[in-house]
Amino acid sequence: MTSPSEPVVRSILSGRMLAAFAMGFYGGAPLLLTGSVLLAWMKDRGIDLTTIGLFALVGLPYTLKFLWAPVFDRFHWPRLGRRRGWLLLMQLLLAVAIASLAVYGPGASALMLAGLALAVAFFSASQDTLIDAYRRESLHDREQGLGASLYVNGYRLGMLLASGGGLILADWIGFPDMYGLMAIVMASGIMVTLLLPEAAAGEAHPNSLKDAVVLPFVEFFRRSEAMWVLLFILLYKLGDTVAGQMTTPFYLEMGFSKTEIGAVVKLFGFWATVLGGLAGGALILRYGIYRTLWQFGLLQLLSTAAFAVLVHTGPQLPALTAVISFENLSAGMGTAAFVAFMANQTDRRFTATQYALLSSLMGVPRVIAAAPSGWLATTVGWQNFFILCALFAIPGLLVLPRFRTWLAD
């Protein structure tokens, strides 16, 4: 007789989970090479702040990737398959684009620099779309939570390597050589992709590009709960997203030093998030997505409210450590369940397109709802601000019961 934990252990130790982690790493590594790291290089070369600010537009492919995702659903490469063929091409072009940045960099014209950065972002966003589709199709429904947690942790590790590690390396060997090294790191992803089996095709893929563009949206919006699913994606992490926008100014205003913030919030908090993601993935595999969305959502609500405690404790490092540990653990758990939920909402015929649409929608609160967070904190004060942010999590939880009949395991 097998114990309930045996399926969990088998899934954790499977090659599919290792692939999810590895693909997450290669997805996260290029993200900041067109963001904060590139901006630091531009600043180092004396480029004016107005031009630097405009480079925020380079990130547009990450929010618009659903527009070209149907191509990945429609066409496949002979022998390599629908996912691996496109993934290999995008990884090759991504490595070439990063290497081109290493050669030209901010020494080139602003237009050429913008074009190269946009190419890196485009190929990186396309790689993300294909990785999401591959993970959805290669894992069983019950494994999506654990796969999501490993993917997200790999993604964070890749971001950490490119941002913190990249800036440290730039101090030692210069930005051009650092970007050249990152191009080699990204090229190594090609070897990993070649070792992966092609994901199960499932049902027949679209027969025409028109079908690949139209059918994913028709199929999704024919569902009786389609609008509720979209509303849930907008609301589930609204509270901690709005709060997260203002945490660094809050720490500084409370009197914490930059060193304390860096050590506790950035480094210690990173590993707390990783632990939360791993624990969340295992719990999702054991108890299912519906129950854990409730549990992790409530933990997110409480951890956001916990920041109000720091208003009364002042700059006490143990209090900061406790709050950050709680918040990052619950955020890691909540993200794992949230990503697994989105994966399970996709039809395997149109995985790339539907997942790209849902993940693009997930970024809306970060951009729009978080924009007035500074005004809100100034108007109501820090304590009330974090309490309000905690209350923002309630509407998402109130939507959850609509999914009980078909989401509960």
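Are D132 and R135 buried or exposed? Both D132 and R135 are buried (under 20% relative accessible area, against over 50% for exposed and in between for partly exposed, with a 1.4 Å probe and protein chains only). The close-ups below come from a predicted model, in which local features need pLDDT of at least 70, side-chain atom pairs count only at pLDDT 80 or more, and totals for chains, interfaces and linings use all residues. Residues are numbered from 1 along each chain as its sequence is written, and side-chain values use heavy atoms, leaving out hydrogens and water.

**View 1. A salt bridge within helix α8 joins D132 and R135.** Their side chains meet at 3.1 Å, N to O (a salt bridge is a side-chain nitrogen of Lys or Arg within 4 Å of a carboxyl oxygen of Asp or Glu). Because the two are 3 residues apart in α8 (residues 110-138), about one helical turn separates them. Helices here are DSSP runs of H or I with at least four residues, numbered from the N terminus.

**View 2. E219 pairs with R223.** Here the closest N and O atoms of the salt bridge lie 2.8 Å apart. R223 counts as partly exposed, at 25% relative accessibility.

**View 3. R402 reaches E225.** The closest N and O atoms of this salt bridge are 3.2 Å apart. R402 sits in the loop between α23 (394-399) and α24 (404-407), and E225 in the loop between α11 (209-221) and α12 (226-235), so the pair ties together parts 177 residues apart in sequence. R402 is partly exposed at 37% relative accessible area, while E225 is buried at 16%.

**View 4. D73, R83 and E137 form a salt-bridge network.** For context, the structure holds 7 salt bridges.
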